[in-house]
Amino acid sequence: MRFLREIIGHEQIVTALTNAVAGERVAHAYLFTGPEGVGKETTALAFVRALMCSRPVRGDACGKCRECRQVESRNHPDLNLLQPSGASIKIDQIRSVLRLVSYKSYQGGRKVYLIRQAESMTAEAANCLLMTLEEPPEDTVFILLSSRPRALLPTVLSRCQQYYFKKIPVAGLIDNLVSRHGFTDKDARLYAALSDGSLGRALAYTAGTFQEDRKLVLELAEALSKAGLVEAMETAEKISVSKERALVVLEILACWYRDLLVLREAGTGAVLFNRDRAEVLAGSAERFETGRLVAIIEGIEATRSKIEANANTRLAMEALFLQLAGSEFKE
Ligand SMILES: [Zn+2]
């Protein structure tokens, strides 16, 4: 679990949060917005620890006190975590965590409510929360996380202090991966590009089956451009077993086609994400028209938005793979 001072890429937000804790000017409700995977939750948990720490140091958690340890193991009786049960956060869930909201905290410090995917609250749930936000009890802090804040009730939005988390610029991420995590420059470049501004995701890629997945997906990309409709549908089914996996596949594909586009535009001097595959890329680039590559990249982005907004993963991937099938020049 990280401290606020260890968060990278969101310095202004971290400064505002630590100043609030140090100056005892903590708001009753916060809303952290921004794309998936850029550090909203990591920052929120670090903030929770700073809020609950009994001996904060310059607005950040001490990491040693009982409260810090309890938050770290998610065992603090005054910390309430809430997330969708099924597709939404229901009114019963909100009611049950707010049951004791007007009472004093168990341990004498703050009561903190962290709500993940806040946009998934049903209208009844949001209205129930709103009543508390309108008359917040003392020493109570709500932190709402959402990548789709427009789906939240405006009346809830207006009660929250809002922070927007931007993607971490690729250059900053590469620096961090090299200097703090010991990556080679080549690997850092690839992972930074693939992770789309998320340090957490970049680090996750180095573990598990990511390298094998990438090999598989790139072979598929090569094969697909020559494939027919039936093969395209089969491929889509094979690799869209889950939302998370589909999003990784889309990142790999997006970087691949971006490289092809850059090669077509800038020629051999281009800086590539997939440097280890420069030769395959060069051969492939000659077989695509620029306009076609632009359309494919837009198609990949549109598919990602749909899946992030909880569209049916398999259907969305099928539509994309139909677009990708037979995408080379016809001779
Ligand atoms: Zn502490």
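Two strands are taken to pair if DSSP finds at least two bridges between them. In this predicted model, strand 2 (residues 79–82) and strand 3 (residues 111–115) satisfy that criterion, since four bridges join them. The two strands run parallel. Within this pairing, asparagine 80 has tyrosine 113 of strand 3 as its bridge partner.

The connection between these strands involves a helix. Strand 2, helix 4 (residues 91–98) and strand 3 together form a β-α-β unit, and its hand is right-handed.

Helix 5 (residues 123–134) may be considered next. The helix comprises twelve residues, which at 1.5 Å a residue should span 16 Å; the C-alpha atoms at its ends are indeed 16 Å apart, so expectation and model agree. Four of its residues, Ala125, Ala126, Leu129 and Thr132, are buried. Viewed down the axis of helix 5, these buried residues fall within an arc of 115°, and they therefore line one face of the helix. Ala123, Met131 and Glu134, by contrast, are exposed and sit on the face turned away from the buried side.

What do the buried residues of helix 5 pack against? Their partners are helix 4 and helix 6 (154–157). Helix 4 thus appears in two settings: as the helix of the β-α-β unit, and as a packing partner for the buried residues of helix 5.

At the level of the whole protein chain, the domain assignment gives domain 1 as residues 4–164 and domain 2 as residues 208–324. The C-alpha centres of domain 1 and domain 2 are 37 Å apart.

How values were computed. Residues are numbered from 1 along each chain as its sequence is written. This is a predicted model: local features need pLDDT of at least 70, side-chain atom pairs count only at pLDDT 80 or more; totals for chains, interfaces and linings use all residues. Domain bounds come from an automatic or database domain assignment. A crossover is right-handed if, with the strands pointing away from the viewer, the path from the first strand over the helix to the second runs clockwise. The expected span of a helix is 1.5 Å times one less than its number of residues. A residue is buried if 20 or more other C-beta atoms lie within 10 Å of its own, exposed if 12 or fewer, and partly exposed in between; C-beta atoms are placed from the backbone. The arc is that of the directions from the helix axis to the C-beta atoms. Two residues are in contact if their C-beta atoms, placed from the backbone, lie within 7 Å.
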